[in-house]
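Me: I'd like to go through this one by asking how we know what we say about it. Can you take me through the reasoning?

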Protein chains: 4
Amino acid sequence: MAAVLDRKTHYLGGPFEKDNPTLSSTLPPTNQSNLGIAIIGLGGAVGTTAAAGIELIRRGLQPTTGLPLAEFADLDLVPYTNLKIHGWDLFDHDLLTAARVHRVLDREELDVLANDLSGRRPWTAVSNRNYCRGVVGDQDSTGTHRELISGIQQQLDAFATDIDGRVVVINLASTEHAIEVADEIYQRTEAFERALDENHTGISPAMLYAYACITHGVPYGNFTPSRAAEIPALRSLAARRGVPVAGKDGKTGQTFLKTVIAPALRARALHVDGWFSTNILGNRDGEALRHPESLQNKLGTKGDVLTNCLGYPVEDHLVKINYYRPRGDDKEAWDNIDVSGFLGHRMQIKIDFLCKDSILAAPLAIEIARCLDLAARRGQGGVLESLGVFFKAPMTTDGREPIHSFGEQQTELLRWLRESSEMPTAVAGKFIPRPD
Amino acid sequence: MAAVLDRKTHYLGGPFEKDNPTLSSTLPPTNQSNLGIAIIGLGGAVGTTAAAGIELIRRGLQPTTGLPLAEFADLDLVPYTNLKIHGWDLFDHDLLTAARVHRVLDREELDVLANDLSGRRPWTAVSNRNYCRGVVGDQDSTGTHRELISGIQQQLDAFATDIDGRVVVINLASTEHAIEVADEIYQRTEAFERALDENHTGISPAMLYAYACITHGVPYGNFTPSRAAEIPALRSLAARRGVPVAGKDGKTGQTFLKTVIAPALRARALHVDGWFSTNILGNRDGEALRHPESLQNKLGTKGDVLTNCLGYPVEDHLVKINYYRPRGDDKEAWDNIDVSGFLGHRMQIKIDFLCKDSILAAPLAIEIARCLDLAARRGQGGVLESLGVFFKAPMTTDGREPIHSFGEQQTELLRWLRESSEMPTAVAGKFIPRPD
Amino acid sequence: MAAVLDRKTHYLGGPFEKDNPTLSSTLPPTNQSNLGIAIIGLGGAVGTTAAAGIELIRRGLQPTTGLPLAEFADLDLVPYTNLKIHGWDLFDHDLLTAARVHRVLDREELDVLANDLSGRRPWTAVSNRNYCRGVVGDQDSTGTHRELISGIQQQLDAFATDIDGRVVVINLASTEHAIEVADEIYQRTEAFERALDENHTGISPAMLYAYACITHGVPYGNFTPSRAAEIPALRSLAARRGVPVAGKDGKTGQTFLKTVIAPALRARALHVDGWFSTNILGNRDGEALRHPESLQNKLGTKGDVLTNCLGYPVEDHLVKINYYRPRGDDKEAWDNIDVSGFLGHRMQIKIDFLCKDSILAAPLAIEIARCLDLAARRGQGGVLESLGVFFKAPMTTDGREPIHSFGEQQTELLRWLRESSEMPTAVAGKFIPRPD
Amino acid sequence: MAAVLDRKTHYLGGPFEKDNPTLSSTLPPTNQSNLGIAIIGLGGAVGTTAAAGIELIRRGLQPTTGLPLAEFADLDLVPYTNLKIHGWDLFDHDLLTAARVHRVLDREELDVLANDLSGRRPWTAVSNRNYCRGVVGDQDSTGTHRELISGIQQQLDAFATDIDGRVVVINLASTEHAIEVADEIYQRTEAFERALDENHTGISPAMLYAYACITHGVPYGNFTPSRAAEIPALRSLAARRGVPVAGKDGKTGQTFLKTVIAPALRARALHVDGWFSTNILGNRDGEALRHPESLQNKLGTKGDVLTNCLGYPVEDHLVKINYYRPRGDDKEAWDNIDVSGFLGHRMQIKIDFLCKDSILAAPLAIEIARCLDLAARRGQGGVLESLGVFFKAPMTTDGREPIHSFGEQQTELLRWLRESSEMPTAVAGKFIPRPD
């Protein structure tokens with residue numbers, strides 16, 4: 001029984017494989033089995049939208065609009081209809097109640113799913129008020145770091161058994177506030193693990209989840225600005241264990257358009273003199289961002305994108321985020337770009353994006369999960385740079401600066417997807433896990 | 001003397017080469033000699049901006065901002081300081097007077113160039129009121145088609161002699177009105193030439209210029225929506241004669257951004273339900289567009305761009321152009337894009353581009369000229385598809401639909417530029433002119 | 001029975017009074033009886049919104065947001081809960097079916113009213129395809145002009161009986177195309193009536209409705225750009241008969257803001273160099289406006305507003321209306337205003353109004369009806385200039401130019417409302433009907 | 001000579017009158033003598049624009065566009081050609097140098113005035129780094145409060161002599177940071193004067209100027225958000241001395257439009273759910289506002305405007321000001337207004353005002369000066385409420401809440417202007433100064 005369970009939770013290249021080498025080779029994973037997406041922050045606007053959306057698509061009530069990889073049916077990705085969504089939340093509401101609060105989906109959409117959603121309640125998430133003020137309940141989790149990790153892993157195993165499939169984890173929780181990454185415990189795996197043993201206060205909930213995943217052979221995607229899997233200690237652990245990780249901070253609205261337009265301005269040699277970006281949004285995310293520490297983390301991931309796309313720094317690049325309740329989950333991103341053209345003449349481009357945060361984010365989270373699973377089945381571990389197009393601050397294997405240009409990222413994603421599907425063996429061979 | 005002159009006017013692959021094969025091989029053209037840009041519509045806003053701009057850059061009074069290829073100093077393109085600008089216009093004003101009327105450049109810029117510009121007067125352009133109402137003088141050119149062509153060629157020869165260099169022609173004249181391309185005389189070179197002999201009224205001034213260039217070995221770039229060099233009769237003639245041609249309709253403001261953003265929406269599977277584009281502009285171009293026939297030509301080049309970038313037709317794609325005098329050459333392009341995302345939820349993107357038509361257009365015209373010259377020196381003739389990024393309606397060698405996605409076009413341009421500079425011989429070999 | 005009926009249909013000052021002078025004096029009308037609003041175009045987006053809205057307010061399911069006079073509870077206007085809505089339409093759909101087509105109200109709003117709306121079917125409207133192409137059914141009304149008028153009057157009488165109250169008529173039908181107002185039949189009542197007798201083709205359906213109302217003592221409000229009650233023949237008839245009429249063309253979105261902002265620019269001596277207004281809308285109205293004749297009528301009512309507010313003409317005042325389906329009833333009005341300030345320096349104001357046509361129009365139509373009723377009870381007849389704030393092209397008693405400044409109009413409305421409520425007798429005295 | 005001088009500096013109702021009663025009655029002031037405007041912050045963008053603008057108008061090189069009262073030539077206001085501008089600044093630059101730094105006026109405008117402006121240097125302003133960080137020089141003024149006041153008065157006298165006319169003072173200096181108005185020294189004149197005697201640190205430079213003016217019979221207008229003349233101690237002093245004062249914070253761009261639009265939304269019963277205002281500007285003002293204390297003062301004057309215009313509070317009213325250098329003096333104010341209409345349906349209005357701060361401000365400062373002078377000649381003293389239309393936070397005589405609606409303010413201004421011109425004696429009679 002344990003063997004069966006483990007096979008479904010873990011992947012080739014995960015730690016399990018080393019202990020049960022014969023199992024994986026006799027039963028290679030395929031895209032036809034179920035894939036469970038365990039979401040941290042399931043009851044949030046993005047999580048409930050993803051859960052409800054997958055259900056609507058499964059029932060044939062909605063097409064796959066907005067899912068970037070829907071048109072690539074020939075690739076080895078798990079079909080949307082095989083996805084199963086579950087996860088953790090700080091709040092105990094069932095998914096129907098939670099979705100109604102967020103007001104992303106309309107009454108009609110929720111009514112049809114009422115039976116399905118009302119019966120689904122998230123697991124209790126790991127909570128630590130030091131890392132996320134504003135939206136958190138009034139109780140921190142009890143138990144040692146090691147106990148919490150073990151609990152997460154048991155939940156993942158149970159989920160895998162339940163769906164008779166594999167599992168990936170996607171972090172959609174509210175932004176944790178900034179940490180001092182240079183700190184020793186974040187730099188090396190050994191120091192990090194000692195800090196775990198000592199219940200060090202520098203270890204955030206997101207890090208506990210990431211560690212639980214990596215050491216359990218479960219791919220981990222970080223859709224939030226939190227630094228968890230990005231710290232060198234976990235990045236190198238993921239590479240050694242051969243577990244794919246990806247992050248961070250989903251590239252949805254304003255930064256998406258910024259990384260589309262800036263490279264084009266560069267191609268036309270239109271010099272960006274200043275770029276003013278302001279956002280108004282009224283969902284739980286916006287509320288969390290009222291706390292300066294969380295905002296700092298968020299702005300950090302937006303900062304150097306422009307320099308990267310343009311090839312020079314823009315001193316007057318301002319990014320503002322405003323909590324503005326009338327919009328709810330509907331977000332408005334207004335940009336003004338001052339450019340100089342031929343002979344120094346000045347022009348302006350203004351962009352107003354009336355978007356829906358969760359409607360943009362949910363399908364990206366789903367695609368990241370599908371890609372992580374593909375990588376795992378291919379035996380690709382460590383930071384998956386090819387998924388950069390999905391993130392505001394793409395992680396790199398060695399911490400060097402990533403590419404931010406949307407066009408280049410998209411080209412790389414398509415290259416990677418096709419490479420994987422065409423030559424699985426060779427690719428898998430590149431990622432043979434080194435001894436830990 | 002004639003040989004020297006011809007060498008400078010014409011290129012490898014041009015008709016001259018066939019008559020003097022040894023000359024070109026003993027004296028290969030380099031990017032260090034002068035390049036004359038003969039502009040049809042020199043006195044217009046774009047023409048005077050290009051002429052003044054090149055002069056300001058030559059004098060070190062302005063940097064090369066806005067010139068897309070300025071950063072590729074390692075390529076084989078003619079330096080900006082070696083460019084010489086002259087051309088034709090329907091109006092007889094000197095360039096200083098003309099530039100002051102357009103109000104693109106400010107007093108300070110023009111004052112410093114007053115001596116230079118006030119002494120430069122365009123040649124008299126070929127005029128035919130049947131093809132361009134609204135901005136044209138009150139007299140049509142006299143003379144047969146063949147006489148007019150011969151006159152153009154003599155002017156080009158004299159220009160080449162004068163600057164001691166090579167020459168390319170760029171069409172910046174006002175939009176000619178639409179023609180019925182299916183007509184026999186536009187389909188085959190022989191029929192076209194017979195029509196020339198008979199002074200057929202179906203032949204527009206732009207066609208006379210294009211024919212004069214192609215048969216004289218002078219590269220021809222069409223920055224306007226006029227169909228001239230695009231008709232099959234001239235396209236195949238250019239290929240046979242090995243003369244590079246490119247067009248049509250410079251991609252400056254709204255269409256530039258459209259072809260940047262639409263492919264990104266596709267990459268994110270955001271479905272475009274409608275795209276409303278409106279423009280307000282008050283320059284001579286705008287005035288010409290008040291005439292329905294010219295507008296039709298203009299809108300024609302904007303039409304199918306979106307379908308091409310998205311992969312599906314957008315029935316509610318509206319493009320409006322409004323003549324609105326308060327703006328003068330300052331143009332405003334306002335776009336509203338209605339998109340559907342995940343689960344069919346609707347979002348809107350609005351873009352307001354406060355641009356300056358001539359400031360965007362002039363550097364593109366200059367780069368097209370430099371690229372055409374490079375192609376000619378490489379021996380590449382016929383339609384230069386690799387220059388598609390500069391045009392709203394890129395010509396293709398065989399009339400098939402071009403690529404419109406800005407990112408893909410830019411990648412192709414860079415590939416072509418590097419290919420040329422790295423392997424000139426091989427490339428040149430591909431374009432050996434076939435007997436006419 | 002007939003007397004009772006008539007008393008409710010007609011008002012003091014109407015023709016009925018002259019025949020039954022004692023009745024009206026013994027039973028003065030109050031704001032506590034029911035008021036029926038008979039809408040021409042009931043099944044349209046505005047009509048169904050008004051009908052459903054009044055029902056939602058009556059049931060206490062919606063507050064009176066958006067109803068401009070809701071806060072003046074002390075005035076003598078009929079309470080919203082006493083309003084009864086019925087009317088005519090070219091289409092035979094019940095109101096639930098019609099409302100669902102327009103998609104102005106959402107499913108939730110319509111579900112709660114389903115029983116009420118599904119049982120209500122409009123009377124068949126007078127149809128004449130010569131006056132309204134595009135949205136009209138395929139059959140013109142049969143019968144002579146006089147027969148059609150008589151039919152309308154019978155319907156009004158039956159409505160009054162049915163609700164046991166008074167009736168006003170509001171025209172919400174699609175725009176009729178322009179007529180040649182100078183024509184003799186529109187100038188004098190006698191000529192108009194002769195034309196009626198002769199079934200003259202120059203008489204549009206809206207004129208038949210207006211004539212039926214005026215001669216039957218029923219107030220008539222024209223919310224459309226159609227000229228009906230504005231023609232001198234009917235204007236003077238209404239004055240002579242002492243029947244209040246008001247119009248024309250409800251001032252909802254773009255013109256509302258224009259008449260708010262333009263007077264403020266004048267107060268600051270900011271000179272308007274140009275004003276560019278464009279609209280995108282996708283409802284039945286927008287479709288009708290695709291027909292040049294109807295559009296001409298519509299643009300005509302938008303034209304001189306700006307000159308009136310500023311005190312000088314703006315040559316570059318452009319107003320564009322675009323039929324753009326993705327929006328449905330949601331309209332977007334985008335304005336760009338070019339202004340010159342101190343020392344001639346140029347500035348720009350851009351306004352983007354994401355509005356809902358019917359949501360703005362329906363409450364104005366309701367308030368116009370309440371005011372017309374108030375005027376009728378006060379004995380005020382003829383063109384009601386004090387209602388100018390509700391209209392794009394306010395009618396005046398003598399055809400002179402109206403005031404367009406929103407602030408001045410609003411001040412006048414409030415003055416009139418308070419005047420009426422404070423001194424009813426005196427006011428009524430001013431409007432003693434002259435012999436016809 | 002002294003008498004002549006004093007007559008010109010001071011007004012009827014000022015302290016001088018009491019000492020020389022016969023003088024003022026025998027020589028009543030008229031609008032035909034010169035009026036000096038002494039500007040605090042003369043070298044700033046607004047001050048130099050006002051100075052240069054008046055000079056351009058005097059020379060007939062510019063019309064009076066942008067001057068709100070230019071069209072009321074029949075009133076008793078001093079003609080623009082009789083205005084003389086001088087003042088104080090923290091920086092010693094001559095006006096030509098200063099104007100070139102601000103880049104409000106273009107080279108052409110400044111060239112023509114070069115001789116005039118280059119010879120004009122401001123008096124040294126009173127400086128106190130405790131009240132205005134960021135833009136201030138590195139030295140505070142020396143001398144006691146009383147010495148500084150006396151120095152200001154001597155400068156005013158000399159100015160009056162020089163121009164042979166009267167003088168008013170307009171404060172255009174950078175925003176001083178917020179004070180605790182409840183403090184005793186600001187509440188009563190006696191306490192304030194004792195604080196002066198003791199060189200209390202709670203007294204800011206602006207208060208010294210205001211006190212110097214009021215006790216010297218010179219009208220004082222406060223165009224900045226600084227609280228100076230608004231404190232009860234000075235407000236009552238001005239009333240007692242019969243010296244007109246007005247303020248505060250010129251209503252130029254965003255707040256101007258806000259107070260135009262909000263009352264119209266109220267008139268239409270469109271409920272404002274939220275109003276988000278953001279500004280980007282890059283001039284000295286913007287830089288000063290980077291300091292939180294100054295920003296607080298600025299935002300304070302923008303805060304309750306909306307509540308006042310709408311009649312209810314808008315909890316989600318956000319006002320953001322961003323220092324963004326690429327714009328220089330060109331400011332951009334972007335507003336988003338969320339409104340609910342009929343049946344609670346949501347709409348949005350977005351306004352983008354591309355304005356020029358100093359171009360909007362300078363003419364208002366000039367008109368305030370002319371109105372203050374008119375009031376003084378009429379004998380009106382104390383807070384001039386009728387000038388409310390010029391200010392973001394209009395002062396009231398007794399500190400009660402002012403009217404903010406632009407339309408109502410404009411009506412009041414016009415009423416006051418006409419009242420003054422028609423019945424000067426009666427009005428003057430109302431303001432007989434009481435013994436101090």
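Reply: Sure. Copies here are superposed by least squares on the C-alpha atoms of residues with pLDDT of at least 70 in both. Keep in mind that this is a predicted model.

Me: What makes chains C and D a pair related as by a two-fold rotation axis?

Reply: Chain C lands on chain D after a rotation of 180 degrees, with 0.0 Å of shift along the axis and an RMSD of 0.0 Å. The two copies are thus related as by a two-fold rotation axis. In chain C, the C-alpha nearest that axis belongs to C:I351, 2.2 Å away from it.

Me: How do you know that chains C and D meet through the same surface?

Reply: Look at who takes part: 100% of the interface residues of chain C are also interface residues in chain D, so the copies meet through the same surface.

Me: What turn and shift lay chain B on chain A?

Reply: A turn of 180 degrees and a shift of 0.0 Å along the axis do it, with an RMSD of 0.0 Å. In chain B, B:I351 has the C-alpha nearest the axis, 2.3 Å from it. As for the interface, 98% of the interface residues of chain B are also interface residues in chain A, so these copies meet through the same surface.

Me: Why are B:T189, B:A191, B:F192, B:A195 and B:L196 called buried?

Reply: The cut-off is under 20% relative accessible area. Those five are the buried residues of helix α9 of chain B, which covers residues 189-197.

Me: And how do you know that the buried residues of α9(B) line one face?

Reply: Seen down the helix axis, the buried residues of α9(B) fall within an arc of 165 degrees, so they line one face of the helix. They pack against α7 (145-163), α8 (184-187), α10 (205-214) and α11 (232-241) of chain B. After α9(B) comes B:N199, with a positive phi, near 55 degrees.

Me: Which parts of chain A have a pLDDT under 50?

Reply: Residues 1-27 of chain A stay under 50, with 55 contacts beyond four places in sequence in the model. Residues 422-436 are also below 50, with 20 contacts beyond near neighbours in sequence. Where pLDDT is low, the predicted coordinates should not be read in detail.

Me: What scores do chain A and the complex get?

Reply: Chain A averages a pLDDT of 84, and 83% of its residues score at least 70. For the complex, the predictor gives an ipTM of 0.88 and a pTM of 0.88.

How values were computed:
Residues numbered from 1 in each chain as written. Chains lettered and ligands numbered in written order. Predicted model: local features only at pLDDT ≥ 70, side-chain atom pairs only at ≥ 80, totals over all residues. Heavy atoms only, no water. pLDDT = per-residue confidence, 0-100. Contact = heavy atoms within 4.5 Å. Buried < 20%, exposed > 50% of the residue type's maximum accessible area, 1.4 Å probe, protein only. Helix = DSSP H or I, 4+ residues; strand = E, 2+ residues; numbered from the N terminus. Arc of directions from axis to C-beta.
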